[in-house]
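Dear colleague,

I am handing over the structure below, and after it you will find my notes on what turned up. Please read them with the model open beside you.

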Amino acid sequence: MGGGGRRMGQQGMSDEERQKMQELMNPANRLTVADLTDRGEVDLTDDQQRKLTLITDGRKPQKSKDANNQEIAAHWSGKQLATDEKGPHGKMSRTYELSYDGTQLYENLSIPMGRSNTTLLVRYVYDAYGPPPAGTASAPAASGAAATAPTGSAPKQ
């Protein structure tokens, strides 16, 4: 039997979609956050040296061929840093928020699944190590907050 097109695996997912889903379902063991709001971005680096730059000042993210160094457009929604990005099944959203006391970082994923438009909701909780950042659980000031030292965290089991 002849064939063509992209290779589809189990449940109608391509290899690329399956890889993206695998990355989303296996969080980093450690996440370092650098608040660089004076430059219009927040940098997240995981324990495997993958860097995600969240662009918060309206600049267009640069496309990168390096899977370990990506930029995504983000915006502040109250105390949450939110993204709308391409996920394994189309549009996906992600939010980051500090706990009220600054000891945890919550990462929430909302991923549409399949043709029925059901949504998979995933929450990762990272425990902080080191001192809580100044201005805990608040969005940066509109006038431009100073960058804080990177803080790290590990997912809560």
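**What was found**

Of the 157 residues in the chain, 32% are buried, where buried means under 20% relative accessible area, exposed over 50% and partly exposed in between, with a 1.4 Å probe and protein chains only. This is a predicted model, in which local features need pLDDT of at least 70 and side-chain atom pairs count only at pLDDT 80 or more, while totals for chains, interfaces and linings use all residues. Residues are numbered from 1 along each chain as its sequence is written, and side-chain values use heavy atoms, with hydrogens and water left out.

The average pLDDT of the chain (the predictor's confidence in each residue, from 0 to 100) is 76, and 71% of the residues score at least 70.

The chain has one helix and nine strands, these being DSSP runs (H or I, at least four residues, for helices; E, at least two, for strands), numbered from the N terminus. Between strand S6 (90–98) and strand S7 (104–113) runs a loop that holds Ser-99, a residue that counts as buried because its relative accessibility is 2%. The side chain of Ser-99 also makes a polar contact of 2.7 Å with that of Asp-101, a term for a pair of N or O atoms within 3.5 Å, of which, within protein, one must be able to donate a hydrogen and the other to accept it, and residues adjacent in sequence count only if both atoms are side-chain atoms.

With kind regards
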